[in-house]
Amino acid sequence: MKKIIIKDLSFGYFDTEIFRNFSLEIDEGETLTILGPNGSGKTTLLKLIQKIILPKSGDIIISGKNINDLSNKALSKSTSFVPQIHKQTFPYKVIDFVLMGRNPYISDYSTPKEEDIEIANKVLEEMGLYYLKDRPYTDISGGELRLVLIARGIVQNTEILLLDEPTAYLDFKNQLIVLETIKELKKKKKLTVIMTLHNPNEAYKYSDKILLIKKGEVASYGKPIDVINCENLKRVYSIDVEIVRYNGETIIYAKK
Amino acid sequence: MVKQLSTQKSKKAFYLTIFFLIILNILIFLFSLSFGRYNIPFLTTFKVILNKIFNLNMNLDKNLEIVIFNIRLPRIIVVMFVGSVLSQCGVSFQGIFNNPLVSPYILGISGGAGFGAALGILYFNNFFYVSILSFLFSIISVLLTIFVSRTGKIASSINLVLSGFIIGNLFTSLLSLLKYYADPFSKLPTIDFWLMGSFNSITRKEMLYTLPIFIIGTILLILLRWKLNILSLGDDEAIVLGENPKILKLIIISICSLLTAISVSISGIIGWVGLAVPHIVRFIFGPDYRYLLPISALFGSIYLLLIDNISRTLTTSEIPVGILTAIIGTPIFIYVLRRASK
């Protein structure tokens, strides 16, 4: 079943056009990775799906509903978004920060109920973050913060999870932990995951489908094995790439 | 089991704190009624109050009743609400502008209020008109700030803060112009004294006009306290969490501007309360607006009332309260900042 249908989407920042009549269909329960050079519109696409920014024209349909007809509150019950950069202004406790993911279910003029707090606690426990619960979220490591942001998205209890460069700024081990966590959560919660990545190796290993874009245009779209090849990567990044298969793994690296 | 206890524990601690602060408010309120240049014993004050409320016809000095009910009561109640409201607006603005160093005057209110008051002093010299003009120009300055910030392509928080700075400065310059032409022996000192902030001129009338708005504004902000948590994460994430930050911010800015403008119009520009109180409360009770806002509201009233008591009684002539809030507020603020960054 098609979970997200994007039809004839056009968008630009000031006079720079990014998307022109962009169309895409995303299946339910898939992990889709958007891959492409800086400025190709990866983050923009995620923000358009979450209505953080609004398109010039075109439609985005989620589970059969046009997001133009949905309030922010209604949309936030079906999609959640994990930003790449998060400015920590006030030192909220990790549990209180994660609890904010319950906001779509909290009526106006009200505060979280006991069951909201229980849900937040349960998600922290499931993700192995319970030990952080009472720490200020300004005092945790970058890897932990990324997981806490994902936890907030999970607490939102949505069918679609959008992640903007979930591995950015993380060390080697934390990159692996974050991607494995996303994979596990997707399986357990039957999520449709759309993320942007920069590393084609990560994209190859952790995606059901890959969308390769350049300047808002689809360069290639399909299964990793069909999308990730030397010609496609060269076309998009303008560099020579070598692909090696070793011990059942596929390794992609740039040739100087 | 352990989890449940811990959430219940923080809620329990919160309700206990609120209860304790309400009791403290009442005690300091009663104490302030007896306290002043004309000292009334605490017990006598209590008797006068009971006598008035229950019509006991006790044999008491009529002057005591006048001092307590006509002079001190309106002033003390207004002081408590102004302290509370400035703290609430400071803490709310810090949330919606994602910046802990923002004060209730960030949108240019102090400049507009000062200009309006000076205009009133020059042309009417009647406290009531001074208040009305000061209120009007506070609102005009906020509206101008919002208007100027919207002419840019991105109506961001930074735009609003910048516009507030510009409009505030414009009115401060216009105020200087009025001061330059004001009579240096009668009008100029009055303007300067007004700008320092004082509760000297509060009567029953001011209390009755302002109280309903203070109460309604406080209730609205307390109802919206959870939303301040969401807004404090920035506009993009507020959208992710299902809010409409533009509308929500406009509502909160309107409530706070009205409350601040009314406070300023009857008491002048009282700085540092809206900055010091939120920091003290955040330092002790944490940043969560569910607790931070109501505690700031109750702590702000105590804080300003204690300072106003000092201003009333420290010397033979009253010290403008705005001077004291700055002298007392700055070292507290420095202490909290240093401790918090450790």
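Two strands count as paired if DSSP finds at least two bridges between them, and strands themselves are DSSP runs (E, at least two residues), numbered from the N terminus, just as helices are (H or I, at least four). Before you click, note that this is a predicted model, where local features need pLDDT of at least 70, side-chain atom pairs count only at pLDDT 80 or more, and totals for chains, interfaces and linings use all residues. Residues are numbered from 1 along each chain as its sequence is written, chains are lettered from A and ligands numbered from 1 in the order in which they are written, and side-chain values use heavy atoms, with hydrogens and water left out.

**Stop 1: the sheet in chain A**

Select β6, β7, β8, β3, β9 and β10 of chain A: in that order, these 6 strands make an open sheet with mixed pairing. Go to the edges next. β6 (79-82) and β10 (217-222) of chain A have a single partner strand each, so one side of each has no neighbour in the sheet. From one strand to the next, the twist averages 15°.

Now zoom in on β7 (160-164) and β8 (192-197) of chain A, which pair in the parallel sense over 5 bridges. Try picking A:D164: its bridge partner in β8(A) is A:T196.

**Stop 2: helices across the sheet**

Show helix α1 (42-49) of chain A. This helix lies across β3 (31-35), β6, β7, β8 and β9 (209-214) of chain A, at about 150° to β8(A). Angles here run from 0 to 180 degrees between N-to-C directions, using axes that are lines fitted to C-alpha atoms, for helices over the stretch in contact (heavy atoms within 4.5 Å). Then add helix α6 (172-189) of chain A, which lies across β3, β7 and β8 of chain A at about 165° to β8(A).

**Stop 3: a long-range link**

Pick A:K209 and A:D27. They form a salt bridge (side-chain nitrogen of Lys or Arg within 4 Å of a carboxyl oxygen of Asp or Glu), with their closest N and O atoms 3.3 Å apart. A:K209 sits in β9 of chain A and A:D27 in β2 (16-27) of chain A, 182 residues apart.

**Stop 4: where the chains meet**

Bring in chain B: 34 of its residues are in contact with 40 residues of chain A. Which side chains should you select for a salt bridge here? Choose B:D236 and A:K47, with N to O at 3.7 Å. The rule finds 4 salt bridges across this interface. On chain B, the helices α1 (2-34), α3 (62-96), α9 (225-231), α10 (235-240) and α13 (289-313) each supply at least two residues of the side touching chain A.
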